[in-house]
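Please walk through this protein model with me, from the whole chain down to single residues.

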Amino acid sequence: MLIQIIKFPYRWLFYHYNNMRANWRRIICTWRAKRSMQSYGLGLRVNFPCVFGSKVSVGNYCNFNGMQVLGGGEVHFGDYFHSGTECMIITQNHNYEGEMIPYDNTYIYKNVSIGECVWFGNRVIVTGNVTIGEGAIIAAGSVVCKDVPPLAIVGGNPAKVIKYRDKVHYYKLKSEGKFN
């Protein structure tokens with residue numbers, strides 16, 4: 001009985017200490033992300049360290065969990081975007097049709113546009129010149145190298161449409177303002 005009484009404060013302190021650490025990590029990661037982005041909206045939340053280029057614009061209430069946006073191309077995230085961990089967007093590639101083999105010293109820049117209410121699973125990779133439609137869900141481990149239609153659920157390498165979300169249900173929730 002005495003041992004249980006002594007353990008309780010330690011459990012309580014351990015819980016609150018870990019919760020406080022997570023809050024500080026989120027504050028610092030969000031601050032760093034805001035410094036590197038071109039623009040960002042209200043309610044930006046960066047839970048884990050992320051890398052953003054200077055040509056990244058983010059909508060309102062976006063949530064990042066370890067995203068890397070690599071290269072010099074432009075990337076636009078719509079409102080209410082959510083990402084899993086270790087996601088990557090590649091907007092720059094070597095010029096393999098240049099003056100040297102296998103590639104020369106110039107780069108080809110490509111843009112990426114991501115619609116509203118898009119959700120990336122863990123370890124998603126998106127290549128340049130891609131548009132991801134509103135309400136799309138990208139399954140974990142997918143490699144997106146072509147446009148994704150609105151409300152599509154895609155997965156695989158290369159990512160292919162698995163099915164579509166229920167359009168009536170999606171737009172009903174959106175009109176009621178039920179966002180996470």
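The paragraphs below go from overall make-up to the core, then to two residues, the pocket and the second helix.

This is a predicted model. The protein chain holds 2 helices and 16 strands. It has 180 residues, and 35% of them count as buried. The exposed area of the protein chain is about 11500 Å². Carbon and sulfur atoms supply 57% of that area. Now take the contacts between residues at least 6 apart in sequence. Of these, 20% join residues at least 24 apart.

Next, the interior. The largest nonpolar core has 32 residues. Those with the most contacts inside it are F64, M67, F77, I89, F120 and I132. Several elements give two or more residues to this core. Helix 1, residues 2–36, is one of them. The others are strands: strand 2 (56–58), strand 5 (75–77), strand 9 (112–114), strand 12 (130–132) and strand 15 (152–155).

I132 gives a closer view of the core. Which residues does I132 touch, not counting those up to four places away in sequence? On the lower-numbered side of the chain, I132 touches S113, I114, G115, V118, F120 and V126. Beyond I132 in sequence, the partners are I138, V144 and V148. F120 thus appears twice here: as a partner of I132, and among the core residues with the most contacts.

Now turn to T91. This residue is found in the loop between strand 6 (88–90) and strand 7. Is T91 buried or exposed? T91 counts as buried because its relative accessibility is 1%, and the cut-off for buried is under 20%. The T91 side chain makes a polar contact: it reaches the backbone nitrogen of G73 at 3.0 Å. Leaving out residues up to four places away in sequence, T91 touches L70, G71, G72, G73 and V75. It also touches I108, Y109, K110 and V112. N111 is 20 residues from T91 in sequence, and their C-alpha atoms are 6.1 Å apart.

H94 lies in strand 7, which spans residues 92–94. H94 counts as partly exposed because its relative accessibility is 29%, and that class runs between 20% and 50%. With residues up to four places away in sequence left out, H94 touches Y103, D104, T106, Y107 and I108. Y107 is 13 residues from H94 along the chain, yet their C-alpha atoms are separated by 4.7 Å. I108 is a partner of H94 and of T91.

The last stop is the largest pocket. How much space lies in it? The volume is about 370 Å³. Its lining has 15 residues, and C117, R165, Y170, K178 and N180 lie nearest the centre. Helix 2, residues 167–175, gives the largest share of the lining, with 4 residues.

Both ends of helix 2 have a feature to look at. At the start, a side-chain oxygen of D166 reaches to within 3.4 Å of the backbone nitrogen of V168. After the helix comes G177, whose phi is positive, near 75°.

Conventions: Residues numbered from 1 in each chain as written. Predicted model: local features only at pLDDT ≥ 70, side-chain atom pairs only at ≥ 80, totals over all residues. Heavy atoms only, no water. Buried < 20%, exposed > 50% of the residue type's maximum accessible area, 1.4 Å probe, protein only. Contact = heavy atoms within 4.5 Å. Areas by Shrake-Rupley, 256 points an atom, 1.4 Å probe, with all protein chains shown as cover. Core = buried A, V, L, I, M, F, W, Y, C linked by side-chain atoms within 4.5 Å. Polar contact = N/O pair within 3.5 Å; in protein donor to acceptor, adjacent residues only side chain to side chain. 1 Å grid on protein atoms, 1.4 Å probe; cavity = no way out; pocket = protein on both sides within 12 Å on 5 of 7 lines; lining within 4 Å. Points joined across faces, edges and corners; volume = space filled by probe spheres on them.
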